[in-house]
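Here are my notes on the model you sent round. Have the structure open while you read, since I go through the two sites one after the other.

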Amino acid sequence: MQLLLMGPPGAGKGTQAAELVKKFDIPHISTGDMFRAAVKEGTELGKKAKACMDSGKLVPDDVTIGIVRDRLAKKDCAKGFILDGFPRTVEQADALAGILEGLNQPLTKVLNIHVPSEDLIERAIGRRICKSCGATYHVKFNPPKVENVCDECNGNLYQRADDNEETMRNRLSVYEDSTRPLTEYYKKAGIYLEIDGRQPIDKVTEELVNVLSSVKD
Ligand code: AP5
Ligand code: MG
Ligand code: ZN
């Protein structure tokens, strides 16, 4: 099963991908997570990505397409994958179509988690992430049992550098300009479905799992 999770910043792509990984046992490929790992390691890729991420702009297409091409060629993707945060431009979507054609693994479904923009800033500002295992929390909507401590591994929680109001506004406007047009792109392909992301986290998961359980691959 080759899935694409779409949706604006803070819609719940990463949160839902973590649940779908448990359910379907296919890898989660998040370009944002890959860039953050590269920033942490101080690699050349990390240096290129950091300035763009901190201001809420997109990392250039050639850089982003290259890392996804390499990742999709890895063995664990042969049984399927969940793309999160890629593609974000028409150029990236065209490149992905070419990569997947070469792998003979066309997209099975494009699931767009829809959340109105007025909810998204609160989601981003309240987000907390575990330093050790990457689990995602929210101070109000999904708090850990002990403040700032991960339920899964007892790791400390941190806030992403781009989860402030100013950068978030830029991220939302970049989404509207560059990424929203992709909904039309995938509607035409006949594999697109919209999910109401304003429901509680477990309800969104339930809806996604229901849709995917009826998909034959
Ligand atoms: P990326 O890391 O992909 O960020 P994003 O797209 O802005 O999305 P987020 O990770 O912020 O949101 P999410 O949808 O995963 O939400 P989450 O589940 O965490 O990209 C970061 C940057 O990297 C980009 O700005 C760009 O610079 C660069 N980049 C990445 N990909 C790129 C590409 N393809 N091309 C170029 N540049 C690229 O949930 C958010 C919060 O809400 C959490 O606290 C969660 O607990 C809470 N929450 C989740 N679901 C619910 C719910 N149903 N109800 C209430 N709260 C909820
Ligand atoms: Mg995410
Ligand atoms: Zn943890």
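1. The shell around ligand 1 is a mixed bag: 12 of its residues are nonpolar, 13 polar and nine charged. Keep in mind that this is a predicted model. There are 34 residues around ligand 1, and the ones that come nearest are Thr 15, Lys 57, Arg 88, Arg 127 and Arg 171.

2. As for where the shell comes from, α1 (13–24), α2 (31–41) and β6 (136–138) each put in at least two residues. The top contributor is α2, with four.

3. The backbone gets involved too. Oxygen atoms of ligand 1 sit 2.6 Å from a polar backbone atom of Lys 57, 2.7 Å from one of Tyr 137 and 2.8 Å from a backbone N or O atom of Gly 10. On its own, ligand 1 has 1,000 Å² of accessible area, and the protein covers 97% of that.

4. Now the metal. Which residues coordinate the zinc ion (ligand 3)? The SG atoms of Cys 130, Cys 133, Cys 150 and Cys 153 do, at 2.2 to 2.4 Å. Along the chain these donors are spaced as C-x2-C-x16-C-x2-C.

5. The geometry of the zinc site is tetrahedral, with angles of 96 to 117° among the four donor atoms. For reference, the ideal angle for four tetrahedral donors is 109.5 degrees.

6. Buried or exposed: what about Cys 150? Cys 150 is buried, because its relative accessible area is 2%, and buried means under 20%. Cys 153, at 33% relative accessibility, counts as partly exposed.

Key
Residues are numbered from 1 along each chain as its sequence is written. Chains are lettered from A and ligands numbered from 1 in the order in which they are written. This is a predicted model: local features need pLDDT of at least 70, side-chain atom pairs count only at pLDDT 80 or more; totals for chains, interfaces and linings use all residues. Side-chain values use heavy atoms; hydrogens and water are left out. Donors are N, O and S atoms within 2.8 Å of the metal (3.2 Å for Na, K and Ca); water is not among the atoms, so sites may look incomplete. Four donors count as tetrahedral if all angles lie between 85 and 135 degrees; four count as square planar and six as octahedral if opposite donors are over 155 degrees apart and all others between 65 and 115; anything else is irregular. Buried means under 20% relative accessible area, exposed over 50%, partly exposed in between (1.4 Å probe, protein chains only). A residue is near a molecule or strand if one of its heavy atoms lies within 4 Å of it. A polar contact is a pair of N or O atoms within 3.5 Å; within protein, one must be able to donate a hydrogen and the other to accept it, and residues adjacent in sequence count only if both atoms are side-chain atoms. Accessible areas come from the Shrake-Rupley method with a 1.4 Å probe; for residues, only the protein chains shown count as cover. Ala, Val, Leu, Ile, Met, Phe, Trp, Tyr, Cys and Pro count as nonpolar, Asp, Glu, Lys and Arg as charged, and the others, Gly among them, as polar.
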